Amino acid sequence: MICFDEKYAEIKWDELNRVVILTCRGYMTSEQLRGVYEKVLECFIKNKTNKMINDAKNFLTIRAEDQDWLENDWGPRSYKAVGVVKSAGIMPDNLIQKNVIGKVVDTAQQNKVAEIKFFPDISKALMWLRS
């Protein structure tokens, strides 16, 4: 079921696997990025899950203030709402974006609000989430 669909991102609820799937489609403003992650959190709560796939292979950029917001605002709120988020990521090809995403992931794991692993495709990500 599609929960959100805009040119910059899509959020789907996969009932069979009980997972929220976020597909980033390119550049997002701060407002768009934060709105997307708020929708992800709504989907977590509505569907009583803490599992997600974050397909970031087409993600273009994340600003420092948005990085900070994900680490210090959204991460702790999502943890409070659903516990440790189990997130399977599909990394972008862009080396700079890989490094930025890596920093957000490191902080989330250090703060024990998320368990995050990366995979080359969605099928492998789903296998890990089902394990």
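In this predicted model, six strands form an open sheet with mixed pairing, and their order is 1-2-3-4-5-6. A good place to begin is at the borders of the sheet. Strand 1 (2–6) and strand 6 stand at the edges with a single partner strand each, so one side of each has no neighbour in the sheet. On average, neighbouring strands are turned by 15 degrees against each other, direction ignored.

Within the sheet, strand 4 (residues 51–55) and strand 5 (residues 85–90) run parallel and are joined by five bridges. One residue pair helps to locate this pairing by eye: Asn-54 has Gly-89 in strand 5 as its bridge partner. Helix 4 (residues 122–130) packs on the sheet, where it touches strand 3, strand 4, strand 5 and strand 6. The direction of helix 4 makes about 160 degrees with that of strand 5.

Attention now turns to the nonpolar interior. In soluble globular proteins, nonpolar side chains tend to be buried together. Here the largest nonpolar core has 27 residues, and Leu-22 and Val-36 touch the most other members. Two or more residues of this core come from each of strand 2 (9–14), strand 3 (19–24), helix 1 (30–47), helix 2 (64–82) and strand 6 (114–119). Helix 1 makes the greatest contribution, with seven residues. Leaving out residues up to four places away in sequence, Val-36 touches Phe-4, Tyr-8, Ala-9, Ile-11, Leu-22 and Met-28. Another core, of 10 residues, lies apart from the largest one, and its members include Ala-88, Ala-125, Trp-128 and Leu-129.

Note on methods:
Residues are numbered from 1 along each chain as its sequence is written. This is a predicted model: local features need pLDDT of at least 70, side-chain atom pairs count only at pLDDT 80 or more; totals for chains, interfaces and linings use all residues. Side-chain values use heavy atoms; hydrogens and water are left out. A nonpolar core is a set of buried Ala, Val, Leu, Ile, Met, Phe, Trp, Tyr and Cys residues joined through side-chain atoms within 4.5 Å. Buried means under 20% relative accessible area, exposed over 50%, partly exposed in between (1.4 Å probe, protein chains only). Helices (H or I, at least four residues) and strands (E, at least two) are DSSP runs, numbered from the N terminus. Contact means heavy atoms within 4.5 Å. Two strands pair if DSSP finds at least two bridges between them. Axes are lines fitted to C-alpha atoms, for helices over the stretch in contact, and angles run from 0 to 180 degrees between N-to-C directions.
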